[in-house]
Amino acid sequence: MKDNFSNQASEYSKFRPSYPPELIEHIVSFTESREMALDVATGNGQIAQKLSEYFQTVYATDISENQLQHAKQLLNVIYKKLPAEKTDFQDKQFDLITVAQAIHWFDFDQFYAEVYRLLKPDGIFAIIGYGLFRTNPESDKILSDFYYNIVGPFWDAERKYLDENYQTIPFPFKELETLHFQNKFTWTFEQLVGYLETWSAVEHYKAHNNENPIDLIRKELELTWNRSDKTVVFPMLLRLGKLKM
C-alpha cells in the first residue's frame, strides 16, 4: 500500500470531510453482534471514532504513524500501526470490518484474504468512500479543470477506482443492498483550499514542479466562492457484503 498522506496528517485531520452519522448507523444496522469492529487504514480515526459509539471495542489500523498520532484517543478505540493486508488479529475476531477512502490503494487479493480470515461468519464488510464534490456552477467549472487537467496527470493510477464509484473494484462477497447518501457542508474559502491541499495529486504536482498548483486557480476560485452560497456536496460511496460460505 502506498503512503501518500503521512506528510499531510495535520491538514488531513483538519480539512478532510467527516462521514454522515446516518451512513454509519445504516452500516451498523446490518450487524448481528456489536462486540468488536475493525477500521482498516483509519487515517486520523474518523470512522473508528464513530464506530466506538456502537461497539464494545474498536481496533483501528494504519501504516502511517503520523496519521495515527493525529487520531482522537478514546477508551474503547485501540490504534495499531499495521498494513491492511497482514495483521496480527485472531481468526474470526470481528463483527464488522470497514475501510474508508482507502481500498483503492490495497493489494485486493491479499486484503480480501485477510478480511475472510478476520471476519466472523455472520460479520459485515463495508467499503466507504466519497467522490468528487460539487458546489456552485462557477466554482465547479474551475475545480473540474483543476481536477482533470491541472493535477489530473499527477493522480496515482488507483484513483480511477474512486472516479468509477468503487463499482469496478473486485468484490468477492455476497453484496447487500444499501441506501444512498450524500454529505453536505458550508465551507469557508480557507476550508475549501485546505481540503484541496490534502489531495495526493496536489502533493505530487508540488514535488514535480516545485510550485503549488492551487495558486493557478486561487484568485478566480475565491471570486466565484465569495459570490456563492458556499455549499459543498459529496456523493457517498458504499458497498456492503457478507462472506460467501
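**Exercise 1. Find which strands each supply at least two residues of the lining of the largest pocket.**

Solution.
- Work on the predicted model shown above. Two strands each give at least two lining residues: E6 (174–176) and E8 (231–242).
- Next, rank the contributions. E8 supplies the largest share, five residues.
- Then look at the pocket itself. The largest pocket holds about 250 Å³ of space.
- Its lining counts 14 residues, and the closest to the centre are Gln-167, Thr-178, His-180, Met-236 and Leu-238.
- Finally, sort the lining by chemistry. Eight residues are nonpolar, four are polar and two are charged.

**Exercise 2. Locate the span that UniProt lists as "domain: Methyltransferase type", and describe its make-up.**

Solution.
- Start with the record. An unreviewed UniProt entry lists residues 38–127 under this name.
- Turn to the model for the make-up. Helix accounts for 24% of residues 38–127, and strand for 33%.
- Check the two ends of the span. Their C-alpha atoms lie 12 Å apart.

**Exercise 3. Work out how strand E4 pairs with E1 and with E5, and how the chain crosses from E4 to E5.**

Solution.
- Place E4 at residues 94–100. Seven of its seven residues are buried, so each has under 20% relative accessible area.
- Take E1 (residues 36–40). Four bridges join E1 to E4, and the two strands run parallel.
- Pick one pair from this side: Leu-38 has Ile-97 in E4 as its bridge partner.
- Take E5 (residues 119–130). Six bridges link E4 to E5, again in a parallel arrangement.
- Pick one pair here too: Val-99 stands opposite Ile-127 in E5.
- Trace the connection. From E4 the chain passes through helix H5 (residues 108–118) to reach E5. This β-α-β crossover is right-handed.
- One background point helps when viewing side chains. In a regular strand they alternate between the two faces of the sheet.

**Exercise 4. Decide whether Ala-157 is buried or exposed, and place Ala-157 in the chain.**

Solution.
- Find the element. Ala-157 sits in the loop between helix H6 (137–150) and helix H7 (160–163).
- Read the relative accessible area: 62% for Ala-157.
- Apply the cut-off. Exposed means over 50%, so Ala-157 is exposed.
- Add a distance. Trp-105 is 52 residues from Ala-157 along the chain. The C-alpha atoms of these two residues are separated by 9.5 Å.

Methods. Residues numbered from 1 in each chain as written. Predicted model: local features only at pLDDT ≥ 70, side-chain atom pairs only at ≥ 80, totals over all residues. Heavy atoms only, no water. 1 Å grid on protein atoms, 1.4 Å probe; cavity = no way out; pocket = protein on both sides within 12 Å on 5 of 7 lines; lining within 4 Å. Points joined across faces, edges and corners; volume = space filled by probe spheres on them. Nonpolar A, V, L, I, M, F, W, Y, C, P; charged D, E, K, R; others polar. UniProt positions renumbered as here; feature names shortened; annotations may be inferred. Buried < 20%, exposed > 50% of the residue type's maximum accessible area, 1.4 Å probe, protein only. Pairing = 2+ DSSP bridges. Right-handed = clockwise from strand over helix to strand, strands pointing away.
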